[in-house]
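User: Hello! I am new to this structure and would like a close look at one part of it. Could you walk me through it in a connected way?

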Amino acid sequence: LDRLEEKEQTPLQEALNQLIRQLQRKDPSAFFSFPVTDLVAPGYSVIIKRPMDFSTIKEKVKKEYYQSLDEIKVDFKIMCENAMIYNKPETIFHRAARKLLHSGMKILSQERLESLKQSIT
Ligand SMILES: COc1ccc(C(=O)NC2CCC2)cc1-c1cc(C(C)=O)n2cccnc12
């Protein structure tokens, strides 16, 4: 394939991107769409050792980093937990993270992932 042609998406990549779309709908303020910078969050890069956001997760899907549906759950949880570590409980970001984690765990539930796995094989 020459550089410009989009590579075909694998079934796993399609399923992962479908899950990410469902998860991002639960982040209407787009607080989790892009990496948090030290500009908007002073000291962030010192406090948070494993930054994660939806754009990074999508990049990892594109680079075929995830070998199974379950692996995206790890990065999704890190992304939400980072926000609950850095931001104080009463902030809009901490509250948004707790809500996103809760709804995301339903979207990424074992039974949901199991049935998606059937559709991939
Ligand atoms: C990609 O990150 C963001 C993008 C946009 C915004 C944003 O719209 N901020 C305005 C709402 C109050 C100012 C906030 C954030 C943001 C996310 C976060 C997270 C996820 O911790 N954050 C923490 C402290 C300050 N800002 C943020």
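Which residues touch the most other members of the largest nonpolar core?

Analyst: Happy to help, and a word on the basis comes before the close look. This is a predicted model, in which local features need pLDDT of at least 70 and side-chain atom pairs count only at pLDDT 80 or more, while totals for chains, interfaces and linings use all residues. Residues are numbered from 1 along each chain as its sequence is written, and side-chain values use heavy atoms, with hydrogens and water left out.

The largest nonpolar core has 26 residues, and those touching the most other members are F54, I57, L69, F76 and M79. A nonpolar core here is a set of buried Ala, Val, Leu, Ile, Met, Phe, Trp, Tyr and Cys residues joined through side-chain atoms within 4.5 Å. Buried means under 20% relative accessible area, exposed means over 50%, and partly exposed lies in between, using a 1.4 Å probe and protein chains only. As a general background, nonpolar side chains tend to be buried together in soluble globular proteins.

Two or more residues of this core come from each of α1, α3 (54–62), α4 (71–86), α5 (92–107) and α6. Helices are DSSP runs of H or I with at least four residues, strands are runs of E with at least two, and both are numbered from the N terminus. The protein has six helices and zero strands, and buried residues make up 38% of its 121 residues.

Let us look at L69, one of the core residues just named. Leaving out residues up to four places away in sequence, L69 touches L12, A15, L16, L19, L113, L116, K117 and I120. Contact means heavy atoms within 4.5 Å.

That brings us to the pair α1 and α6. Two packed helices are described by the angle between their axes and the distance between the axes. For α1 and α6 (residues 110–120), the axes come within 10 Å and cross at roughly 145 degrees. The axes are lines fitted to C-alpha atoms, for helices over the stretch in contact, and angles run from 0 to 180 degrees between N-to-C directions. This crossing is right-handed; the near helix is turned clockwise from the far one by less than a right angle, whereas anticlockwise would be left-handed. On the α1 side the contact is made by P11, L12, A15, Q18, L19 and Q22, and on the α6 side by R112, L113, L116 and I120. By type, these residues divide into seven nonpolar, two polar and one charged. Ala, Val, Leu, Ile, Met, Phe, Trp, Tyr, Cys and Pro count as nonpolar, Asp, Glu, Lys and Arg as charged, and the others, Gly among them, as polar.

Q22 of α1 counts as buried because its relative accessible area is 15%. Beyond residues up to four places away in sequence, Q22 touches I107 and R112. R21 also sits in α1, yet R21 counts as exposed because its relative accessibility is 52%.

After α1 (11–24), the loop leading to α2 (44–47) holds F31. With a relative accessible area of 31%, F31 is partly exposed. Apart from neighbours within four places in sequence, F31 is in contact with I92, F93 and A96.

Finally, a note on confidence: the protein averages a pLDDT of 96, and 98% of the residues score at least 70. pLDDT is the predictor's confidence in each residue, from 0 to 100.
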